[in-house]
Amino acid sequence: MISRRNFVKNISLGTVSLIVLGCGGKSKGKTSIGANQAIPNTPTTRDKLFVPPLIDTRNTTTDLWVRVSEASILDAKKTSTYSYNTATDTLGLLGPTLLMERNMTSSLNFINELDVETTAHQHGLHVSGNNDGGPQSKILPGKSRTNILEIDQPAGTHWYHPHPHGKTGEQVIKGLAGLIIIQDPKEINSLPNLPRNYGINDFPIIIQDKTFNDDGSIQYNTQKSYGKRGYLGDNILVNGQIQPIVSTPSGWIRFRILNGSNARFYERGDSISFSNQQPFYVIASDGGLLSTPVSITSLPIGPGERYEIMVNINQNQQFDLMAGDRSILSLIADLSTYDNSQSILPTVLANVPQALNQKNNVTRTFELSEKMTINSKKMDMAVIDEAVTIDTTEVWYIHGKGARHTFHVHGCSFLIVDRNGANVPDWEKGWKDTVIISGKRPVKVLVKFNKIADRNSPYMYHCHMLEHEDMGMMGQFIVT
Ligand code: C2O
Ligand code: CU
Ligand code: CU
């Protein structure tokens, strides 16, 4: 489990200045983070970034125990949590990172040791409905369920989390979430110099926000109590820790960023950036590599989205990863034992098709409303809302009524054709499965379905603000 005791308490280099930089609570910036909220917890000692263990799940069955656990997130207080555990790794929070490979099969056997039902969904994976772990695929307490994942998609960063209808927000905030890394030998061959040394120059960065009660427990009330904005925690954690520090080698570093927050957007004034305003490169979106790296200084990311970025750091340089004006992670290039000179930023990455308009596509429109509906309907487990024909490409228009949402589709990846008729930002010109929906402006996507989901195990589309999803902003569709 994550234990503060196991980590170095005294980072000799610049600890004092880091703590000063890290005091995010009372900043005078105009960011919306922290508005109407308590001052976040500030750690008195800084933890080394927790890197979840990497488990090779290729062509084997991996048991994952879903358990009540305990983590040391705050100084001096324990936090009761849920976590995913393997036979050899007991975690206090989150789950191991699961390594999968294109054209190989990973079987995940989830064993539910909670006293409530759960499900286990692999977000971003193109697998059939009966292996997708949606709300229909219940795992009752004391029971288990195996999802057989035949990996048939590009290299990329995905994640797994529970999906029980009405309870997803509560189970994710308590700690259930883990990363999935798909690798592809062909991609490794063609881009041998991308950073791929897990935990050394290639880091999982799971960003989530949580509010803690005085006794150290995670605060979570009814979904409704959070209103239209959903759950907004006082603290922004990286890999389950408040303001940790990561030691890196100098040179090119890769971050696989997941916004695993229940409802918080890191967007506009709250976007992800570095404290020195240094440019960085987006190399991948939800579904895999972009065609070329995209240089930016701030990245918007909504709930459920993933982006992979690369940043260059010089020996002994230090700066912070920021969410708006809050420091969430400090980087220090002090790992001189690892020769990172092989890591380079390629100029060309992957072959991403252009989202050209096709003719005669089936077209569907989805309207997300703050009444917690999609197309005026709330999620009903007994109703199939849409029926799609397998191996076809459809055009979906998704829009809101005023507020922000994200829209996620199971079992596929899509390309964004346009945003309200206008161009798509370069970092969104890759495979996606989750997209930010800003108010009434429609997002047009081209989506291809090539896996089966029948009536007994339909796919979902939904807002990935988990309180919205749990309150009914979700629908079911079949692909046959
Ligand atoms: Cu991230 Cu329907 O899920
Ligand atoms: Cu999903
Ligand atoms: Cu929403």
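What spacing do the donors of the copper ion (ligand 3) follow along the chain? In this predicted model, the donors of that ion are arranged as H-x57-C-x4-H. The protein atoms concerned are ND1 of His-405, SG of Cys-463 and ND1 of His-468, and these lie 2.0 to 2.2 Å from the copper ion (ligand 3). Of these residues, Cys-463 and His-468 are both buried.

The copper ion (ligand 2) is coordinated through the NE2 atoms of His-121 and His-408, at 1.9 Å. This pair brings together distant parts of the chain, the two residues being 287 residues apart. His-121 belongs to strand β6, which comprises residues 121-123, whereas His-408 is found in strand β25, which comprises residues 404-409. Both His-121 and His-408 are buried.

A further buried position is that of Gln-476, located in strand β30 (residues 474-479). Its relative accessible area is 0%, and Gln-476 is therefore classed as buried, the limit being under 20%. The side chain of Gln-476 has polar partners in the model. One of them is the side chain of Gln-136, with which Gln-476 forms a polar contact of 2.7 Å. In addition, a polar atom of the Gln-476 side chain lies 3.0 Å from the backbone oxygen of Met-381.

Among the β-structure of the model is an open sheet of four strands, in the order β13-β20-β19-β15 and with mixed pairing. Strands β13 (245-248) and β15 (272-274) form the edges, each pairing on one side only. On average, neighbouring strands of this sheet are turned by 25° against each other when direction is ignored. Strands β19 (residues 318-323) and β20 (residues 326-333) run antiparallel and are joined by six bridges. Across this pairing, Phe-319 is positioned opposite Leu-331 of β20.

The largest nonpolar core contains 32 residues, of which Ile-205 and Phe-255 touch the most other members. When neighbours within four places in sequence are left aside, the contacts of Ile-205 include Phe-255 itself, together with Arg-256, Ile-257 and Leu-258. Leu-49, Val-238 and Asn-239 are also in contact with Ile-205, as are Leu-321 and Leu-329. Another core, of 31 residues, lies apart from the largest one. Its members include Met-372, Val-409, Val-445 and Val-447.

Notes: Residues are numbered from 1 along each chain as its sequence is written. Chains are lettered from A and ligands numbered from 1 in the order in which they are written. This is a predicted model: local features need pLDDT of at least 70, side-chain atom pairs count only at pLDDT 80 or more; totals for chains, interfaces and linings use all residues. Side-chain values use heavy atoms; hydrogens and water are left out. Donors are N, O and S atoms within 2.8 Å of the metal (3.2 Å for Na, K and Ca); water is not among the atoms, so sites may look incomplete. Buried means under 20% relative accessible area, exposed over 50%, partly exposed in between (1.4 Å probe, protein chains only). A polar contact is a pair of N or O atoms within 3.5 Å; within protein, one must be able to donate a hydrogen and the other to accept it, and residues adjacent in sequence count only if both atoms are side-chain atoms. Two strands pair if DSSP finds at least two bridges between them. Axes are lines fitted to C-alpha atoms, for helices over the stretch in contact, and angles run from 0 to 180 degrees between N-to-C directions. A nonpolar core is a set of buried Ala, Val, Leu, Ile, Met, Phe, Trp, Tyr and Cys residues joined through side-chain atoms within 4.5 Å. Contact means heavy atoms within 4.5 Å.
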